[in-house]
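Student: I would like a close look at a single part of this model. Please take one loop and its surroundings, and explain how the exposure classes are assigned.

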Amino acid sequence: MVDDATRGTASSISEMSVLRRVARTGWWFTGNKAPESVAERSFRAGAIGSMLAMR
């Protein structure tokens, strides 16, 4: 039997996979027809945060 923590972890991983197909909507207001995805933005923000933390 799968416990709640394992089920929650699997659900979170599944949700993160969906973010690569979700476009950031704020750019649509500026006329950008090919905005970056939520996953692309999250990765970039995480990478910048990691680099700043190492400094």
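Tutor: A residue is called buried under 20% relative accessible area, exposed over 50%, and partly exposed in between. The model is a predicted one, and the part chosen here is the loop between helix 1 (4-18) and helix 2 (38-54), where Trp27 is placed. Trp27 has a relative accessible area of 40%, and is therefore partly exposed. Leaving aside residues up to four places away in sequence, Trp27 is in contact with Asn32, Pro35 and Glu36. Towards Arg44, which is 17 residues apart from Trp27 along the chain, the C-alpha separation is 16 Å.

Ser37 belongs to the loop between helix 1 and helix 2 as well. With a relative accessibility of 8%, Ser37 falls under the 20% limit and so counts as buried. Its contacts, again without residues up to four places away in sequence, are Leu19, Arg20, Val22, Ala23 and Arg24.

Two of these contacts of Ser37, Leu19 and Val22, lead on to a surface feature. Together with Ile13, Met16 and Val18, the residues Leu19 and Val22 form a nonpolar patch on the surface. The accessible area of this patch is about 390 Å² in total. Ile13, a member of the patch, lies in helix 1. Ile13 has 49% relative accessibility; because the exposed class requires over 50%, Ile13 counts as partly exposed.

In summary, the loop holds Trp27, which is partly exposed, and Ser37, which is buried.

Terms used: Residues are numbered from 1 along each chain as its sequence is written. This is a predicted model: local features need pLDDT of at least 70, side-chain atom pairs count only at pLDDT 80 or more; totals for chains, interfaces and linings use all residues. Side-chain values use heavy atoms; hydrogens and water are left out. Helices (H or I, at least four residues) and strands (E, at least two) are DSSP runs, numbered from the N terminus. Buried means under 20% relative accessible area, exposed over 50%, partly exposed in between (1.4 Å probe, protein chains only). Contact means heavy atoms within 4.5 Å. Patches are made of residues with over 30% relative accessible area and no salt bridge: like charges are joined within 9 Å, nonpolar side chains (Val, Leu, Ile, Met, Phe, Trp, Tyr) within 5 Å. Accessible areas come from the Shrake-Rupley method with a 1.4 Å probe; for residues, only the protein chains shown count as cover. A salt bridge is a side-chain nitrogen of Lys or Arg within 4 Å of a carboxyl oxygen of Asp or Glu.
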